[in-house]
Each structure stands twice: as C-alpha cells, then as structure tokens.
Amino acid sequence: MAEVLVLVDHAGGQVRKPTLELLTIARRLGEPAAVIAGDAVPDAVATLGAYGATKIYRASSADLVDYLVVPQAELLAQLVAQVSPAAVLIVSSAEGKEVAARLAVKIGSGLITDAVDVQAADGGGVVTTQSVFAGSYAVTATVTEGTPVVTVKPNSAAPEQSPADASEVAVDFTASDAAKSARITATAPREKTGRPELTEAAIVVSGGRGTAGDFTPVEAFADSLGAAVGASRAAVDAGWYPHASQVGQTGKQVSPQLYVACGISGAIQHRAGMQTSKTIVAVNKDEEAPIFELVDFGVVGDLFTVLPQATAAVEASKN
C-alpha cells in the first residue's frame with residue numbers, strides 16, 4: 001500500500017488538530033506518513049502514531065525555520081521523488097496553500113485546494129469535494145496528472161485514533177539558494193485569548209454590524225460554549241474587532257460544527273467564509289435579513305437581549 005504524505009501543522013512544539021484530521025483522511029487512501037519540517041515536536045511519534053501514522057519523516061534543517069515556505073515545498077518534492085506517495089495532504093491555511101501550489105509546480109502534478117472531503121477513487125487516485133461560488137455548489141474533482149496534492153479545510157473530518165507502530169526517519173535536507181530569497185528576520189507570539197484558533201474551532205460565534213462595536217455579549221456567549229470569536233467585514237472595517245478574526249471571502253474561511261452569526265446581515269462576502277458550517281444559527285432583529293435564507297435555526301431578536309439569556313442557559317446547564 002502506497003504512503004500518503006501529510007505535512008504536519010504544528011506550533012509551539014504541539015501538533016495541531018487539523019493534522020490529526022488529515023491523518024484520519026489519509027487512512028482512506030493508503031498508509032499515512034507524517035512529515036515534520038523544522039522545529040522539533042516532542043512526543044511526535046506517540047501523538048502521530050496514535051492517529052495512524054506508520055512513518056514519520058523528520059527534517060530539522062535550519063533552512064526550514066529561517067526562511068518562508070519555499071524550503072517546505074522543496075522538502076516535500078524531495079520526499080515525493082523518494083517514496084512515490086499516493087497523495088500529499090496539507091492543511092488548507094494561507095501558508096499550506098502556498099506550499100501546496102509550489103509543490104505541485106515542482107513535481108508537475110495537479111493541485112486541489114480547499115477540499116471539504118477526500119475519498120479514494122475507483123481505480124486509484126483520489127476524489128475530492130469542494131464548496132465553490134460562496135457555497136452555492138458542491139464540486140467533485142480528481143487529479144489527472146502526477147501525484148495528487150490536496151489542501152483540506154480544517155473540520156472536514158473528525159479525528160479518529162487508529163494506533164500504529166510509527167517509525168521515525170531522519171531526512172537530510174538543504175534548501176536551494178533560490179529558496180532562501182526571503183528570510184524571516186523576527187517573530188512574535190500571538191497574544192493568547194484562551195479561545196481556540198478560529199479556523200480550527202468546532203464552534204464559532206461571530207458578531208457583525210448589529211453589535212454596534214460592543215462584542216461583550218458575543219464573547220461571553222462564545223466563552224460559555226468554548227468557542228472561537230469571529231467578526232464580519234463590516235465590524236472589522238469599523239475597527240471594532242481585529243482583522244485576524246474576520247470571517248468571509250476576504251478573511252478566513254471556517255467550517256465548524258456550529259456557527260452562530262450575531263447581528264450579521266448575511267452578505268455574500270460573509271457567506272463565502274462560513275457557508276460550509278455543519279449547523280448555522282443566526283440572531284438578528286431584522287426578520288428579512290439575508291442570513292435567514294441560509295440558517296438551520298434563526299432567532300429574530302436583539303442580540304443584546306438574546307445572547308445574555310443564551311449564555312445564562314448554557315452556564316446553568318453546566319451546573
């Protein structure tokens with residue numbers, strides 16, 4: 001059975017949840033093989049092996065830390081040439097999509113981005129599902145040339161453990177001179193909020209123009225659910241919430257199990273970033289708001305009245 005390479009998404013020495021989702025998907029296609037680029041990840045063998053990784057390729061070259069994404073693409077291209085994998089799976093983040101695009105060019109293969117499902121195709125290869133045109137259509141696609149390179153949106157699969165006897169393989173890697181044209185000169189840790197990462201969260205609560213700049217009830221409700229907090233472009237453009245929290249076509253695309261839109265009208269720009277959520281709930285005092293055309297459950301009411309009651313009910317259920 002051919003290997004399926006999974007580029008490990010990690011930060012602060014911790015394997016992030018989307019990687020475990022990719023390993024779960026990889027088991028449908030072949031033998032999962034994780035690729036760790038750059039910084040060390042303690043307990044990687046135990047963590048990745050628990051989710052089915054039979055092999056862990058580790059390249060600890062400083063080139064993978066000191067420079068931008070090009071060295072990662074070169075590392076993956078090197079491994080593709082060595083092991084001829086059935087596919088390469090990468091988390092569909094901004095960085096992941098750039099790595100994937102560069103890799104596809106280097107190995108002369110087809111590329112599919114933002115997949116929400118990946119399955120083995122009859123006769124070999126992979127078949128993917130994408131949500132396109134602001135979620136209006138679901139498209140199935142396959143790669144017809146070379147090794148399939150696929151980026152997968154977080155929350156596209158539930159991580160499922162399948163313990164494997166993982167072995168670690170050290171990879172010698174040196175980036176080309178061309179890959180060193182953009183060097184990272186400084187980094188700073190993101191300020192921690194205690195909430196999950198927006199693109200990885202199982203629950204997202206977002207606020208829009210209806211908050212009038214006061215996200216207090218939105219944040220309180222999100223915290224009661226252990227959710228991430230998002231914002232519409234209108235709220236971000238008004239300076240009410242950080243740009244890093246914007247959900248939409250020009251912001252981040254999320255696909256949580258539950259998405260709660262508070263005071264958001266539902267413009268196509270916002271819908272493009274959250275329409276693939278499994279369950280959508282809206283709170284808006286305008287009963288004709290476009291968002292209600294999309295939701296599974298809608299509440300017509302003032303978010304400043306509805307959300308505190310919902311927060312109280314959630315907290316009461318915990319006691």
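I take helices (H or I, at least four residues) and strands (E, at least two) as DSSP runs, numbered from the N terminus. By that assignment, I place Ala313 in helix α9 (residues 303–318).

**Basis of the entries**

I am working on a predicted model, in which local features need pLDDT of at least 70, side-chain atom pairs count only at pLDDT 80 or more, and totals for chains, interfaces and linings use all residues. I number residues from 1 along each chain as its sequence is written, and my side-chain values use heavy atoms, with hydrogens and water left out.

**Entry 1: the chain overall**

I find nine helices and 16 strands in the chain. The radius of gyration is 21 Å, close to the 20 Å that the globule rule gives for 319 residues, so the chain is as compact as a globular protein of that length. For this I take the radius over C-alpha atoms, and the globule rule is 2.2 Å times the number of residues to the power 0.38. The C-alpha trace spans about 60 × 45 × 40 Å along its principal axes.

I looked up burial next, where buried means under 20% relative accessible area, exposed over 50%, and partly exposed in between (1.4 Å probe, protein chains only). Of the 319 residues in the chain, 50% are buried. The accessible surface of the chain comes to about 14700 Å², and carbon and sulfur atoms hold 50% of that surface. These areas come from the Shrake-Rupley method with a 1.4 Å probe; for residues, only the protein chains shown count as cover.

I count a contact when heavy atoms lie within 4.5 Å. Among contacts between residues at least 6 apart in sequence, 63% join residues at least 24 apart.

**Entry 2: charges and salt bridges**

The chain carries 22 positive and 34 negative charges, and their mean positions are 2 Å apart. Lys and Arg count as positive and Asp and Glu as negative, while His and the chain ends are not counted. I place each charge at NZ of Lys, CZ of Arg, CG of Asp or CD of Glu.

A salt bridge here is a side-chain nitrogen of Lys or Arg within 4 Å of a carboxyl oxygen of Asp or Glu. I obtain 14 salt bridges by this rule.

What separates the N and O atoms of Glu168 and Arg58? The two side chains form a salt bridge at 2.4 Å, N to O. Glu168 lies in strand β11 (residues 167–170) and Arg58 in strand β5 (residues 55–59), so the pair ties together parts that are 110 residues apart in sequence. Glu168 is partly exposed at 43% relative accessibility, whereas Arg58 is buried at 18%.

I also note Asp114 with Lys97, whose closest N and O atoms are 3.3 Å apart. Here strand β7 (residues 111–120) holds Asp114 and helix α5 (residues 94–107) holds Lys97, the two being 17 residues apart. Asp114 is buried, at 17% relative accessible area, and Lys97 is partly exposed, at 27%.

Within helix α5, Glu98 and Arg102 are four residues apart and thus separated by about one helical turn. Their salt bridge has its closest N and O atoms 3.2 Å apart. Both are partly exposed: Glu98 at 35% and Arg102 at 36%. I further record a network of salt bridges that links Asp9, Arg16 and Glu200.

**Entry 3: helix α1**

Is helix α1 largely enclosed or open? Nine of its ten residues (17–26) are buried, so the rest of the structure largely encloses helix α1. The buried residues include Pro18, Leu20, Glu21 and Ile25.

**Entry 4: backbone with positive phi**

Most residues other than glycine have a negative phi. I checked two non-glycine residues with a positive value. Ser84 has a phi of about 45° and sits in the loop between α4 (70–83) and β6 (87–91). Asn155 has a phi of about 70° and sits in the loop between β10 (149–152) and β11. Ser84 is exposed at 53% relative accessibility, whereas Asn155 is buried at 5%.

**Entry 5: Ser245 and Ala313**

I find Ser245 in the loop between α7 (233–237) and β14 (258–262). Ser245 is buried at 14% relative accessibility. Leaving aside residues up to four places away in sequence, Ser245 touches Leu198, Val229, Gly230 and Ala231.

I return last to Ala313, which is partly exposed at 48% relative accessible area. The C-alpha atoms of Ala313 and Ser224 are separated by 9.5 Å, with their positions 89 residues apart along the chain.
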